[in-house]
Amino acid sequence: MQRLEREVARLGRTSGGITGASIIHLETGRSVTLNAGQLFPMASSYKVPIAVQLLTMVDQGRIRLDQMIEIKPEDLHPGSGTLTNLFKQPGLALSVRNLMELMLLISDNSATDVCLRLAGGADAVTARMKEIGITGITVSRPTIGLISDWLGVAESDWSSRDLKYKRSLDDEGRKNAAARFDADPRDTSTPEAMASLLEKIWRKSLLKPESAELLYDIMLRCQTGDARLKGILPVGTEVAHKTGTIGGTTNDVGIITLPDNAGHVAIAVFVKSSLKEVPQRERTIAEIARAAHDFFLFNPGGR
């Protein structure tokens, strides 16, 4: 285990920023960490705790997966996704399930902010995390607020017509806004807390069986971040995961299924404040995932 820990630390130094990681072999409980207690911006990986809270409300009968939700023009928000790119006029309605799938599969920000509202808001998501014993995850803003703060603009500065912000900062202003964003404790997680949430998702201890299976299935079909956790794993390796990217932050969190009945690995890798390009950060994440995969594959029950 010390060998793996040293290797993760070595690989973490290649990201060009600060790297955090938490890795748990779920069948044996063996784990290694890097900057495990440090806060990292979750970016779009915060959509996992949002989904947990939304499905909790489904389990409680407060909302239905087949319930149709009208998407209004003011619900279309900037950033990744399909809804903003394709739909500008009224007349669109999607089920709760479809919104959640868009949020997790392609990281659609408009769908995310609707899901967050349906889940009771950011405070309800953070409260749910505390209820299940996870104090290191905080959800505070919708994606439009998160992106606005990173850019250093107000939410009111976005044009509802084309979703471009109306004013721009100079380079120094943008740099200062990004630095403030990296130091902001809102919408952050420690690697340890995220890995713990992943473990609970895998153990199906948070939700009814059908909801737990749905969440895991959607994460298995995630369409973003192929160069991250999955990047250099053997072809066909199952990874249920969710990515996140903003500015100098690049993340991927998920559960790797090892071959030959060697078990499963919950892994959260965060990179923040990186000055290197995204592909280099992704390579760091991929190499940490491969190191964990190989170690536990060849030491499935060892020490």
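Q: What is the phi of Lys204, the residue that follows α9?
A: In this predicted model, Lys204 comes right after α9 and has a positive phi, near 60 degrees.

Q: How do you know that the reach of helix α9 fits what is expected at 1.5 Å a residue?
A: Helix α9 runs over residues 191-203, 13 in total, and spans 18 Å from first C-alpha to last, close to the expected 18 Å.

Q: Which residues of α9 are buried?
A: They are Pro191, Ala193, Met194, Ala195, Leu197, Leu198 and Ile201. Met194 and Leu197 also turn up with Leu99, Met100 and Leu215 as the members touching the most others in the largest nonpolar core, a set of 68 residues. Helix α2 (residues 47-59) gives that core its largest share, eight residues.

Q: What does Leu99 contact, leaving aside its neighbours within four places in sequence?
A: Leu99 is in contact with Ile69, Ile71, Leu83, Leu94, Ala111, Val114, Cys115 and Leu118.

Q: Why is Cys115 called buried?
A: Buried means under 20% relative accessible area. Cys115 sits at 0%, so it counts as buried.

Q: What makes Cys222 buried or exposed?
A: Its relative accessible area is 4%, so Cys222 is buried by that under 20% cut-off.

Q: Why is Cys222 not bonded to the closest cysteine sulfur?
A: A disulfide needs sulfur atoms within 2.5 Å. The closest cysteine sulfur to that of Cys222 is in Cys115, 15 Å away, so it is too far for a bond. The disulfide count comes to zero.

Definitions and conventions
Residues are numbered from 1 along each chain as its sequence is written. This is a predicted model: local features need pLDDT of at least 70, side-chain atom pairs count only at pLDDT 80 or more; totals for chains, interfaces and linings use all residues. Side-chain values use heavy atoms; hydrogens and water are left out. A nonpolar core is a set of buried Ala, Val, Leu, Ile, Met, Phe, Trp, Tyr and Cys residues joined through side-chain atoms within 4.5 Å. Buried means under 20% relative accessible area, exposed over 50%, partly exposed in between (1.4 Å probe, protein chains only). Helices (H or I, at least four residues) and strands (E, at least two) are DSSP runs, numbered from the N terminus. Contact means heavy atoms within 4.5 Å. The expected span of a helix is 1.5 Å times one less than its number of residues.
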